[in-house]
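Trainee: I'd like to practise reasoning from values to labels. Could we go through a few together?
Mentor: Gladly, let's bring up the model.

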Amino acid sequence: MRTRILEWLFAASLVGIAGPALAQTAQGSTEQDAVNERLEGPEARLQASERRSWRAPDWLPEPVVSLNILSFNDFHGQLSPKTVAGRPAGGAAVLAAYLKANSDENTLIVHDGDQVGASPPNSALLQDEPSISLLNLLANRHCRYLGDQLSMPEHVQPIVQQRCNLIGTLGNHEFDDGKDELLRLLTGGIHRNGPFLEESWKGARFPYVISNVIDTETGDTLLPPYSVYYAGGARVGVIGAVLEGTPDIVSPTGVAGLRFTDEADAINESVAALQRLGVHAIVVALHQGGQQTRYDGPTDATADTLEGPVVEIIERLDDDVDVVISGHSHGFTNALVPNANGTPILVTQAFSAGTAFSDVELVISRRSRDVIEKSAAVYTTWGDQGAGLTPDPQIAALVAQADARVEPLVARVVGMAQGNITRTETPAGESALGNLIADAQRVATEAQISFMNPGGIRADLAAGEVTWGELFAIQPFANDLVSMDLTGTQIKTLIEQQWAGQSYARLLKPSGIRYTWSASRPVGDRVIEMVDAAGAPISPTATYRVTVNSFLAGGGDNFKILAEGTNRVVGPVDLDALVDYIEALPQPFTADIEGRIQRID
């Protein structure tokens with residue numbers, strides 16, 4: 001479906017007019033936005049800026065080298081500024097200004113995955129090339145294009161870019177469009193609907209590393225597992241890894257031909273390889289995260305309470321791992337977390353969308369080549385103070401160019417919202433925006449019931465004029481709608497799977513069905529009652545026509561029962577369905593919480 005939208009976009013750029021509502025690609029979905037940016041207020045951002053420190057207990061004065069690592073995660077193509085706690089923050093030009101202001105000749109910039117995917121139109125409609133161009137503009141003169149690097153002998157690749165000041169790893173969203181498009185984006189080549197902003201796309205001008213993604217055709221890692229950064233007489237190994245569960249949250253086509261292995265095993269294998277090279281200062285760029293629920297200050301070692309999947313990985317890491325730059329959960333982390341041997345590993349995460357960055361300071365012994373001191377703080381990229389007052393002009397020009405290219409399409413008005421329509425969930429799991437989207441999908445396919453996954457709803461809808469671009473920001477994945485036959489028993493299993501096998505509850509947004517559930521009942525048997533739109537009980541033996549998006553239809557987000565649906569028919573793109581539905585509503589339109597999901601404790 002992205003072919004369709006980019007063909008239109010190319011035509012629109014020639015004639016200068018807006019066309020019909022079309023859709024973008026980026027299959028898949030991730031974590032609920034409801035759990036993103038947990039520490040969002042002014043106090044939390046201030047807390048994040050406190051520096052966390054560690055020094056080796058046997059430290060003695062000796063010759064050392066100081067290195068600085070600036071990292072950010074889950075950028076998601078957010079080229080334009082956002083609002084944090086009522087203030088401007090982020091945006092490519094502001095983020096770049098902060099990174100440059102805090103860099104010197106011994107600074108390495110690391111991005112921790114999801115640089116692209118689930119992006120706004122000014123990046124997504126241009127195949128996310130502008131979000132890679134942003135990084136290219138930050139790269140120093142020692143950096144080489146990744147495609148050139150990969151064409152070199154394998155034993156040369158880890159050392160060829162040692163003085164390059166930038167390195168990246170892959171997140172789950174890098175796989176949204178599949179292996180071939182990922183490699184094109186990173187190593188160069190004109191997209192079939194390009195060129196976009198650059199006449200000759202050459203890909204990323206810096207190394208990418210990933211240790212736990214295997215190309216099943218070759219048996220090798222998709223990209224080099226690690227790289228080595230050299231500055232000031234010291235070497236730091238950087239290992240990349242993405243969550244092993246990526247296939248559960250990306251459409252099957254996105255991960256075809258790839259195998260995702262255990263994160264800790266892959267990282268430790270790369271640690272051993274780096275140790276053989278004499279590298280003992282080691283940083284892991286890991287696209288997996290957790291939630292830091294308590295932090296009482298930079299010197300209280302008992303204050304770090306980090307929970308989530310990243311902790312289990314850290315516990316199994318080699319003692320030579322010094323820092324883990326985490327991501328994926330879009331939150332704040334600055335903690336010292338011990339591995340199984342009690343070795344403290346510094347773990348950071350800088351919220352998301354370029355609204356913050358982590359500043360890690362390393363002191364490396366020239367004698368042992370290991371880290372003897374380390375500290376970190378997380379700083380918000382405020383647009384109304386500091387470096388944010390002078391956005392980087394070169395990158396601001398890049399963003400302006402991207403904005404101008406997509407303007408004809410994104411500015412088209414499709415309706416008028418009477419009030420704000422948000423993703424905010426009731427305790428039961430219902431949201432007004434989820435209701436609106438689920439209704440649109442049911443109507444578009446003439447189904448009896450539809451379900452929308454919460455992770456696929458990426459933004460709220462503000463009151464007033466509603467543009468195509470705003471709806472695109474809400475549903476950027478361009479999943480096809482798939483209608484199928486499910487029995488009442490299968491529908492109950494589907495709803496039960498909202499809690500079963502999930503790292504957290506993923507409560508689907510329904511249309512054409514109402515149900516009641518109890519949190520006090522065991523997982524697998526939480527649904528108490530299900531009725532259809534007319535109030536009739538859902539019969540276990542009856543067959544119902546159900547619509548979901550293609551990501552869910554393939555069993556995404558662990559809703560595996562949907563893969564068993566029969567009599568499948570592929571319908572319109574989800575974004576097209578939403579645009580058409582809103583245009584057909586009486587204006588101004590609204591959407592409300594209706595009690596479609598009821599919770600009894």
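Trainee: Why is Trp499 called buried?
Mentor: This is a predicted model, and in it Trp499 has a relative accessible area of 9%. Buried means under 20%, so Trp499 is buried.

Trainee: And how do you know whether Trp517 is buried or exposed?
Mentor: By the same reasoning: its relative accessibility is 3%, and the cut-off for buried is under 20%. Trp517 therefore counts as buried.

Trainee: Nice. What makes Tyr98 and Phe357 an aromatic pair, and why is the pair called tilted?
Mentor: Eight aromatic pairs are counted in total. For Tyr98 and Phe357, the ring centres are 6.2 Å apart, and a pair needs centres within 6.5 Å. The planes meet at 45°; under 30 degrees would be stacked and over 60 edge-to-face, so this pair is tilted.

Trainee: Which parts of the chain does that pair tie together?
Mentor: Tyr98 lies in helix H3 and Phe357 in strand S18, so the pair ties together parts that are 259 residues apart in sequence. Both residues are buried, and with Tyr379 they form one aromatic cluster.

Trainee: What makes us say that the charged end of Arg87 sits over the ring of Trp382?
Mentor: The charged end of Arg87 is 3.8 Å from the centre of the Trp382 ring. The limit is 6 Å, together with a position within 35 degrees of the ring normal. The distance fits that limit, and the charge is listed as sitting over the ring.

How values were computed:
Residues numbered from 1 in each chain as written. Predicted model: local features only at pLDDT ≥ 70, side-chain atom pairs only at ≥ 80, totals over all residues. Heavy atoms only, no water. Phe/Tyr/Trp six-rings, centres within 6.5 Å; stacked < 30°, edge-to-face > 60°. Helix = DSSP H or I, 4+ residues; strand = E, 2+ residues; numbered from the N terminus. Buried < 20%, exposed > 50% of the residue type's maximum accessible area, 1.4 Å probe, protein only.
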